[in-house]
Amino acid sequence: MKNFIILFSLVVCFSAKAQDYPRVVTPGNGAEPPSDAIILFDGKSFSEWEKAGGGDVQWKLADKAMTVVKGAGSIQTKKSFGDIQLHIEWRIPANVSGEGQNKGNSGIHIQNWYEIQILDSYQNLNKTYVDGTAGSIYTQSAPLVNACRKAGEWQTYDIIYMAPRFNSDQTLEIPARITVLHNGVLIQNNFIIKGTTYNKSGYKPHDKLPLQLQDHGNAVSFRNIWVREL
Ligand code: MG
């Protein structure tokens, strides 16, 4: 009887443990997305995108990349997201001109409101305000280090973003937090976002929202964009 109880306990214990194993995700080879990723751009079409505010995307699609066309407007995902892991690759044209905020400027607006800056900030040669350089949470947080590659080369952002939470009376419960790796280097470490990028007074309550890519008038390209919902 004693042996039976021990055996029974072991079986119960093992079964409970088995149920606690994490869900299996198959990692991608090289730059390929993991098995549970939502592919937002695979180089073939704008099917997951629309013009911000509605309408077809008017950006250029070539060489498995999409490129900002000046004046065509920012674009956004058709899907809305909350907490995410995002992988995105971007490239500033090798022949980039301009200076300051007009040199290779674009950006990734998570949930429409929170911009991670894209700019030609290679080796800090392009002078501008530090919380407006590449990898900054625009006007809120400069990157911890400058991990930029030079214009003409592909670069990566890997972003972990936790959306803000709002109370039923629309007040802020928990602010958004963001971690960013630039070309594999940690540049934002669980930064607590102070509010929407262009509204210094703080947050506006919202639910899930699209991801937006900025048309700042510079021909920045994007490729290999995928997201995992957390
Ligand atoms: Mg920008």
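Okay, let's start with Ile88: its bridge partner in strand 9 is Tyr157. By strand I mean a DSSP run of E with at least two residues, numbered from the N terminus, just as a helix is a run of H or I with at least four. Strand 6 and strand 9 (residues 155-162) run antiparallel, with 7 bridges joining them. Two strands pair if DSSP finds at least two bridges between them. Strand 9 also pairs with strand 12 (residues 177-182), again in the antiparallel sense, over 6 bridges. Over there, Asp158 stands opposite Leu181 in strand 12.

Quick word on what we're looking at. This is a predicted model, in which local features need pLDDT of at least 70 and side-chain atom pairs count only at pLDDT 80 or more, while totals for chains, interfaces and linings use all residues. Residues are numbered from 1 along each chain as its sequence is written, and side-chain values use heavy atoms, with hydrogens and water left out.

Next up, the charged pairs. Side chains of opposite charge can pair when their charged atoms come close. For us, a salt bridge means a side-chain nitrogen of Lys or Arg within 4 Å of a carboxyl oxygen of Asp or Glu. How many salt bridges does the structure hold? There are 7.

One of them joins the side chains of Asp83 and Arg165, at 2.9 Å from N to O. Asp83 sits in the loop between strand 5 (75-77) and strand 6 (84-91), and Arg165 sits in strand 10 (residues 165-166), so this pair ties together parts 82 residues apart in sequence. Are these two buried or exposed? Asp83 is buried, at 13% relative accessible area, and Arg165 is partly exposed at 34%. The cut-offs, with a 1.4 Å probe and protein chains only: buried is under 20% relative accessible area, exposed is over 50%, and partly exposed is in between.

Stay on strand 6 and you'll find Glu89, whose side chain meets that of Arg223 in a salt bridge of 2.7 Å, N to O. Arg223 is in strand 15 (residues 221-229), so to speak a long walk along the chain: the two are 134 residues apart. Glu89 is buried at 6% relative accessibility, whereas Arg223 is partly exposed at 29%.

Strand 15 also holds Glu229, which is 21 residues apart from Lys208 in the loop between strand 13 (185-192) and strand 14 (212-213). Their side chains meet in a salt bridge too, at 3.8 Å, N to O. Here Lys208 is partly exposed at 48%, and Glu229 is partly exposed at 41%. There's also a network of salt bridges linking Arg23, Asp36 and Arg228.

Now the metal. Which residues coordinate the magnesium ion? They are Asn105 (OD1), Ser106 (O), Glu115 (OE), Gln117 (OE1) and Gln214 (OE1), at 2.2 to 2.3 Å. In sequence, these donor residues are spaced N-S-x8-E-x1-Q-x96-Q. Donors are N, O and S atoms within 2.8 Å of the metal (3.2 Å for Na, K and Ca), and water is not among the atoms, so sites may look incomplete. Asn105 is buried at 1% relative accessible area, and Glu115 is buried at 1%.

Last stop: Val145, in the loop between strand 8 (114-118) and strand 9. Val145 is partly exposed, at 40% relative accessibility.
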